[in-house]
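Let's take a walk through this one together, starting with the whole chain and ending at a single side chain. Have the viewer open as you read.

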Amino acid sequence: MASLKLKNVCKKYTGGMTAVSDFNLDVDDKEFLVLVGPSGCGKSTTLRMIAGLEEITQGELYIDDKLVNEIEARDRDVAIVFQNYALYPEMTVFDNMAFGLKMQKIYKDEIEKRVYEAAKILDMNDFLYKKPNILSSDKQQKVAIGRAIVRQPKIFLMDELLSNLDAHLRVQMRTEIGRIHRMLQKTFIYGTHDQAEAMAMGTRVVVMRDGIIQQIDTPQGLYEKPRNMFVAGFIGSPQMNFITAKVKKKGNEIYLIFGENAIKLPPAKAKRLEDGYVDKEVVLGIRPENLHNEEAFLALMPESVLEAKIDIAEMLGADTFLYMRINDMNFTARVNSRTRVMAGDTIKIALDVNKIHLFDIETENAILH
Ligand code: ADP
């Protein structure tokens, strides 16, 4: 078992900088939880507090229901792996992995057993007697993970683990770390600034901003039901389009008005706005893949067809990204690559009104999805 609980945890660095505020989180046994947010949002600080490398200013940290605030790092059964793996270049991979155990005066047979087991999990058997500097950077990173595995911790913490790797190795290692997690059956907490990495790896993701949790959800939950504009804008690439619109009621219908455009909302969404938002401004959010230029779609949703001027058309193989202006506002659409649209064209494009998100203009919190 290795569950983890953070209760009202705060970290204030000397000098007055509050890096983490009122952090509440329950991590289940064997979960793969990701902390994600822009650089400086407090991911490392949180991981280091869990590891015991940073003192907790306020609040409580429990591992398996035991309060560990005052427990030394080495007695917490938690291992942290950093992007900066700092391997010993003169030692073999085997000795790099065994080093910590030797320091702990663990028996040679036990050390061998643990290193071989770790090498098997990491698929590194063929490299055990090589020096790390002849290995590729992803394999060196695996050696660093191996050093943590042989300690047999209850919880693995990983801080920007893949940031040093080239783009293609990063993507490969995502799957590899997922596989290692499944083999080990241990609790993983993984910090990254990369939303795509977070979405691909986490069973649950904690989105952080300025030391404050914005939302804790599954990747799908974050994508489909972002709680506020920050999460909506941070998760997903290209970013969600945001535009300020005015809510108008005409007869029984609710419209969103911006520029020359009036978009009729479907009844389910309209109902929510009738309550307090009529004649007010809101922020409309629409993901690039929910803007469509196919004839069939334009015919299907005539009341959400807009005119767009194309600035750039980026052909990416499977998709084409259209960077465009609608009433002088910038929009991005992700459309089928068969589309033949060029920079300078003026096209018709329809919003899928069923996929609209709306946000309160003042609080930036979601009104509806
Ligand atoms: P992240 O890992 O998300 O990039 P950090 O946890 O490293 O964020 O940093 C959170 C905030 O705390 C940042 O503003 C950073 O400058 C500050 N910070 C981090 N470490 C220290 C420290 N040792 N002393 C003072 N401020 C720090």
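What follows goes from the overall fold to the ligand site, and then to one residue in a helix by that site.

First, a reminder that you're looking at a predicted model. The chain has 369 residues, and 50% of them count as buried. In terms of secondary structure, you'll find 10 helices and 21 strands. If you line the C-alpha trace up with its principal axes, the spans come out at about 80 × 45 × 35 Å.

How is the chain held together in terms of sequence separation? Take the contacts with a separation of 6 or more: 67% of them are between residues 24 or more positions apart. On the outside, the chain exposes about 18,000 Å², with carbon and sulfur atoms supplying 48% of that area. As for charge, there are 49 positive and 52 negative ones, and the mean positions of the two sets are 3 Å apart.

Now zoom in on the ligand. Which residues surround the ligand? Part of the shell is a run along the sequence: Pro38, Ser39, Gly40, Cys41, Gly42, Lys43, Ser44 and Thr45. Tyr13, Met17 and Ala19 are there as well. Helix α1, which covers residues 43-51, gives the largest share of this shell, with three residues.

The polar contacts are worth clicking through one by one. Gly40 has a backbone N or O atom 2.6 Å from an oxygen atom of the ligand. Gly42 also uses a backbone N or O atom, this time 3.0 Å from a ligand oxygen. With Tyr13 it's the side chain that takes part: one of its N or O atoms is 3.3 Å from a nitrogen atom of the ligand. On its own, the ligand has 550 Å² of accessible area, and the protein covers 60% of it.

Stay with helix α1 for the last stop, since Met49 lies in it. Is Met49 buried or exposed? Its relative accessibility is just 1%, and the cut-off for buried is under 20%, so Met49 counts as buried. And what is Met49 in contact with, once neighbours within four places in sequence are left aside? The list includes Val9, Cys10, Lys11 and Val20 from earlier in the numbering, along with Glu54, Glu55, Ile56, Leu61 and Arg76 from later on. Leu61 is a handy one to check in your viewer: Met49 and Leu61 are 12 residues apart in sequence, with 8.6 Å between their C-alpha atoms.

Key: Residues numbered from 1 in each chain as written. Predicted model: local features only at pLDDT ≥ 70, side-chain atom pairs only at ≥ 80, totals over all residues. Heavy atoms only, no water. Helix = DSSP H or I, 4+ residues; strand = E, 2+ residues; numbered from the N terminus. Buried < 20%, exposed > 50% of the residue type's maximum accessible area, 1.4 Å probe, protein only. Contact = heavy atoms within 4.5 Å. Areas by Shrake-Rupley, 256 points an atom, 1.4 Å probe, with all protein chains shown as cover. Lys, Arg positive; Asp, Glu negative; His and termini not counted. Charge placed at Lys NZ, Arg CZ, Asp CG, Glu CD. Near = heavy atom within 4 Å. Polar contact = N/O pair within 3.5 Å; in protein donor to acceptor, adjacent residues only side chain to side chain.
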